[in-house]
Amino acid sequence: MEELKSFVVGSFTDEKVLFPAVKNVRKAGYKIHDVYTPFPVHGLDHAMGIRETSLHTAGFIYAITGTTTALTFMSWVFTKDWPLNIGGKPNFALPAWIPITFELTVLFSAVGMVLTFCYLCNLAPFVKKHHFHPRATDDLFVMVIECTEKTNDAEVQSFLQTAGAQEINIQEVETGWWIGRYDREQKLYKEEPGY
Amino acid sequence: MSLLKYESQQREPLVDGNKDYHQVTEDIIRPIEMKPSKLWYIGFFISVGLLLFGVYSVYREVTYGIGQWNVNKTIGWGWDITNFVWWVGIGHAGTLISAILLLFRQGWRTGVNRAAEAMTIFAVMCAGQFPIWHMGRVWMAFFVLPYPNSRGPLWVNFNSPLLWDVFAISTYFTVSLLFWYSGLLPDLATVRDRAKTKFRKMFYGVASFGWTGSTKHWQRHESLSLVLAGLSTPLVLSVHTIVSFDFATSIVPGWHTTIFPPYFVAGAIFSGFAMVQTLMIVVRKVLNLQDYITIGHIEAMNKVIVLTGSIVGCAYLTELFIAWYGQNPYEWYAFKENRANLFSPYGWSYWLMMFCNVVSPQLFWSRKLRRNITVTFFMSIIVNIGMWFERFVIIVTSVYRDYLPSSWSTYYSPSIWEIGFYLGTFGLFFTCFFLFAKYFPVIAVAEIKAVLKTSGENYKVKMSDLEKADAEKFYQEEVGHGHH
């Protein structure tokens with residue numbers, strides 16, 4: 001039997017209200033499970049204390065893998081495995097290999113990054129996830145706060161109301177990957193310029 | 001937060017009308033949820049008809065051989081490779097809009113990028129047909145791939161531009177598809193979450209990969225888009241560069257030209273933007289999206305057309321000059337007699353190309369004409385005819401008279417199956433495009449929402465009041481209340 005967890009869900013209609021709300025909720029010590037938005041709201045990840053993504057680093061690693069694969073393979077083919085005499089030109093024809101090397105660099109990086117992205121975000125066809133609010137992909141900014149034993153649900157609800165949320169409710173959800181897990185991603189709130 | 005990015009009143013709004021986030025969703029998603037119009041059915045069935053004609057033409061070619069085409073001993077490429085280069089070129093505008101304009105932070109790209117990227121993918125699909133079926137024994141097409149084989153293994157020639165093409169086109173197709181589809185995920189989720197019918201719930205549920213809109217996912221999504229844009233930018237330049245190498249690395253007079261890579265890339269963007277105009281002018285009207293694809297968008301694209309058209313014109317004149325200045329009699333003959341001489345067998349095609357690509361786009365120096373939809377529509381067709389003839393001129397006029405005058409006699413004109421193959425790719429392109437316009441959001445919904453409050457008409461009006469306010473106060477209230 002899966003464990004049930006309860007969440008307080010509050011929706012915001014304006015990102016201008018959402019930002020101070022995120023700040024206040026974190027300041028009060030509540031744990032934001034996630035905020036679901038219909039479009040990328042710049043700076044929200046920072047306001048929520050989510051660390052930067054390293055996806056681009058992965059992209060770079062895939063890219064150099066592509067470069068090395070292309071260069072080593074072509075060198076091996078043309079100098080070791082089957083050296084062809086093409087008009088007496090050198091077998092190690094580096095300038096002529098630049099186009100293919102470049103293409104494989106781009107190909108490896110793009111494919112690798114997209115697969116990594118899908119893996120990290122648990123995105124794939126036929127994947128079913130828990131959606132806290134259907135309008136999170138339309139026009140609402142949906143803040144989901146995790147309730148622990150110590151949390152007073154009513155208190156969180158009224159807190160969200162003061163913060164400007166509309167449509168506040170409590171949802172019980174089976175825990176698992178389908179609700180997303182970002183414990184390792186989030187930093188604790190601290191007063192610093194920029195929040 | 002709403003004004004993290006301040007935009008001047010001088011700039012035209014990117015989204016017209018009094019819109020909020022929900023209205024944006026409604027406007028763009030509604031066509032997907034409605035029954036297609038009669039016009040859609042007519043267009044779709046014409047496209048499928050053309051596609052079937054193309055399939056039959058290719059069937060003839062595969063069954064009876066390349067002899068079904070009128071290509072001959074000196075003109076081995078003819079219409080087939082002309083069409084290949086033309087379609088690849090058209091694809092380039094999509095990547096330019098989605099990637100290069102993203103890096104340049106051009107806000108107007110959001111209205112047209114989704115459809116332009118779709119156009120890229122379909123155009124590259126069409127382009128790929130030509131070299132594949134031109135192989136003749138198409139069942140051996142896999143020979144172009146470097147796989148361990150029982151013939152040695154005898155590998156492919158990595159020094160050959162034709163093989164570079166295999167890698168360039170397939171990489172281009174893959175990366176464009178990934179870029180397009182990863183951008184589509186959030187919008188497909190929007191369609192899923194408002195779906196009423198069982199089919200739509202299932203189809204968009206599967207297609208949206210379970211997207212939720214989580215902040216962490218958006219953060220990664222942004223990073224992914226940016227890096228894919230960074231990768232696509234040199235990629236798109238490399239693709240047409242490599243296509244031009246198919247010609248430029250040869251020693252055929254008229255092909256052996258160092259100017260080809262930049263000239264081909266400019267031409268590709270030129271024809272691609274023309275195709276985007278043709279499609280967008282129809283799409284905005286049929287799907288009622290005039291608020292999102294505004295006259296401002298059309299004008300911006302026309303500016304690109306006049307710029308790239310002029311670059312292409314410069315290139316034509318430069319290669320003509322160099323052919324004369326270079327003092328190579330064969331090179332000069334190819335340009336002077338095979339092309340520029342109006343009374344030579346193909347002289348008409350050279351001057352048609354000159355007129356369509358160099359002269360006619362100059363109309364777009366006039367702001368009035370740039371913002372005229374009818375003029376833009378006709379111009380977009382003229383440009384694409386011109387760009388088709390550019391490739392025809394390069395391919396045919398360079399080889400129809402080779403070094404052996406005894407093989408000069410034949411006047412090359414295509415057979416019905418050659419034309420049928422070309423029409424068939426139009427069928428493929430438009431069949432795909434009609435399906436896309438019906439089942440997918442033709443405008444990037446999430447991206448429009450992200451720029452709505454800086455560039456939407458109703459928000460810009462609010463901004464003019466703010467502009468009058470004290471600058472310090474303005475900054476504190478609107479820009480400076482958070483996050484770096």
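1. In this predicted model, the contact between the two chains draws 64 residues from chain A and 55 residues from chain B. On the side of chain B that touches chain A, at least two residues each are supplied by α1 (21-33), α5 (161-193), α7 (215-248) and α15 (445-455) of chain B, and the largest share, 16 residues, comes from α7(B). By residue class, this side of chain B divides into 26 nonpolar, 22 polar and seven charged residues.

2. Turning to chain A, the domain assignment gives domain 1 (4-52 + 124-179) and domain 2 (55-120), so that a reader following the chain should note that domain 1 is written as two segments, 4-52 and 124-179. The centres of domain 1 of chain A and domain 2 of chain A, taken over C-alpha atoms, are separated by 44 Å.

3. Chain A also holds an open sheet of four strands, which are ordered β2-β3-β1-β4 and pair in antiparallel fashion. Because β2 (31-36) and β4 (166-174) of chain A stand at the edges, each has a single partner strand, and one side of each is left without a neighbour in the sheet. From one strand to the next, the twist averages 25°.

4. Within that sheet, the antiparallel pair formed by strand β1 (residues 4-12) of chain A and β4(A) is joined by seven bridges. A position that can be checked directly in the structure is Ser11(A), which stands opposite Gln166(A) in β4(A).

5. Does the length of helix α11 of chain B agree or disagree with the span expected from its residue count? Helix α11 (residues 347-359) of chain B has 13 residues, which at 1.5 Å a residue should span 18 Å, and since its end C-alpha atoms are 17 Å apart, the two values agree.

6. The buried residues in α11(B) include Tyr350(B), Met353(B), Met354(B), Cys356(B) and Asn357(B). Among the elements that cover the buried residues of α11(B) are α9 (295-325), α10 (329-340) and α13 (373-399) of chain B.

7. Leu342(B) is placed in the loop between α10 and α11 of chain B, and the question is whether Leu342(B) counts as buried or exposed. Leu342(B) counts as exposed, because it has 9 C-beta neighbours inside 10 Å, where the cut-off for an exposed residue is 12 or fewer. Once neighbours within four places in sequence are left aside, Leu342(B) is in contact with Gly347(B), Trp348(B) and Trp351(B).

Notes:
Residues numbered from 1 in each chain as written. Chains lettered and ligands numbered in written order. Predicted model: local features only at pLDDT ≥ 70, side-chain atom pairs only at ≥ 80, totals over all residues. Contact = placed C-beta atoms within 7 Å. Nonpolar A, V, L, I, M, F, W, Y, C, P; charged D, E, K, R; others polar. Expected span 1.5 Å × (residues − 1). Buried ≥ 20, exposed ≤ 12 C-beta atoms within 10 Å, placed from the backbone. Pairing = 2+ DSSP bridges. Axes fitted to C-alpha atoms, helices over the stretch in contact; angles between N-to-C directions.
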